[in-house]
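This report describes one protein chain for a first-year reader. Please look at the sequence and the structure before reading on.

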Amino acid sequence: MNKTKHRFEFILGFLTGIVTPLFGLAMMYQFYPELGRIDMLENASLRVIITRVSTFGLILNAGLFFLSIQLERDRVAKGLLYSTLIYIFLLILYKFIL
């Protein structure tokens, strides 16, 4: 039972870490619906906006990470950390390679 609880906490942290930056992107499209057009993906200003919004979502993840550490939810923090590392990798890939 204890192992199941640890796994659930890790998955909860991971999913929370995945959803938080996506929430930031969804809010961006709510405030700027013209940026949602597919042909604007090559636009350099859109890249800057997406990078900034994603970075804001990662800062929210960092806040949640430190909060879970403070509340002694180490497995949740571990899930948040893994999801944040995935986002950082994807953000670097988007910013510099694509």
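How many helices and strands make up the secondary structure of the chain? There are three helices and zero strands. Counted from the N terminus, the elements follow the order α-α-α.

**Confidence**

This is a predicted model. The average pLDDT over the chain is 83, and 89% of the residues score at least 70. Confidence is highest in α3, with a mean of 90, and lowest in α2, with a mean of 84.

**The chain as a whole**

The chain has 98 residues, and 29% of them are buried. Its accessible surface is about 7,100 Å², and carbon and sulfur atoms account for 72% of that area. Among contacts with a separation of 6 or more, 72% join residues that are 24 or more positions apart.

**Two helices and their lengths**

The table sets out α1 and α3, with the distance between end C-alpha atoms beside the span expected at 1.5 Å a residue.

| Helix | Number of residues | End-to-end C-alpha distance | Expected span |
|---|---|---|---|
| α1 | 30 residues | 44 Å | 44 Å |
| α3 | 24 residues | 34 Å | 34 Å |

For α3, the distance between the end C-alpha atoms agrees with the expected span. For α1, the reach from first to last C-alpha is close to the expected value.

**What is buried in α1 and α3**

In α1, the buried residues are E9, G13, G17, T20, P21, G24 and M28. The cover over these residues includes α2 and α3.

In α3, the buried residues are V76, A77, G79, L80, S83, T84, Y87, L91 and Y94. Their cover includes α1 and α2.

A general point about helices helps in reading such lists. An α-helix has 3.6 residues a turn, so residues three or four places apart point the same way.

**A residue of α2**

Is S54 buried or exposed? S54 belongs to helix α2, which covers residues 44-70. Its relative accessible area is 11%, and buried means under 20%, so S54 counts as buried. Apart from neighbours within four places in sequence, S54 is in contact with L25 and L91. L91 is itself one of the buried residues of α3.

**The salt bridge**

The whole structure contains one salt bridge. It joins the side chains of E9 and R73, with a distance of 3.3 Å from N to O. E9 is in helix α1 (residues 2-31) and R73 is in the loop between α2 and α3, so the pair ties together parts that are 64 residues apart in sequence. The two partners can also be described by their accessibility. E9 is buried, at 11% relative accessibility. R73 is partly exposed, at 40% relative accessibility.

**A nonpolar patch on the surface**

Which residues form a nonpolar patch on the surface? They are L81, Y82, L85, I88, I92, F96, I97 and L98, and together they have about 820 Å² of accessible area. One of them, L85, is found in helix α3, which covers residues 74-97. The relative accessibility of L85 is 47%, so this residue counts as partly exposed. Helix α3 therefore holds L85, which is partly exposed, as well as buried residues, including L80, S83 and T84.

Notes
Residues are numbered from 1 along each chain as its sequence is written. This is a predicted model: local features need pLDDT of at least 70, side-chain atom pairs count only at pLDDT 80 or more; totals for chains, interfaces and linings use all residues. Side-chain values use heavy atoms; hydrogens and water are left out. Patches are made of residues with over 30% relative accessible area and no salt bridge: like charges are joined within 9 Å, nonpolar side chains (Val, Leu, Ile, Met, Phe, Trp, Tyr) within 5 Å. Accessible areas come from the Shrake-Rupley method with a 1.4 Å probe; for residues, only the protein chains shown count as cover. A salt bridge is a side-chain nitrogen of Lys or Arg within 4 Å of a carboxyl oxygen of Asp or Glu. Helices (H or I, at least four residues) and strands (E, at least two) are DSSP runs, numbered from the N terminus. Buried means under 20% relative accessible area, exposed over 50%, partly exposed in between (1.4 Å probe, protein chains only). Contact means heavy atoms within 4.5 Å. pLDDT is the predictor's confidence in each residue, from 0 to 100. The expected span of a helix is 1.5 Å times one less than its number of residues.
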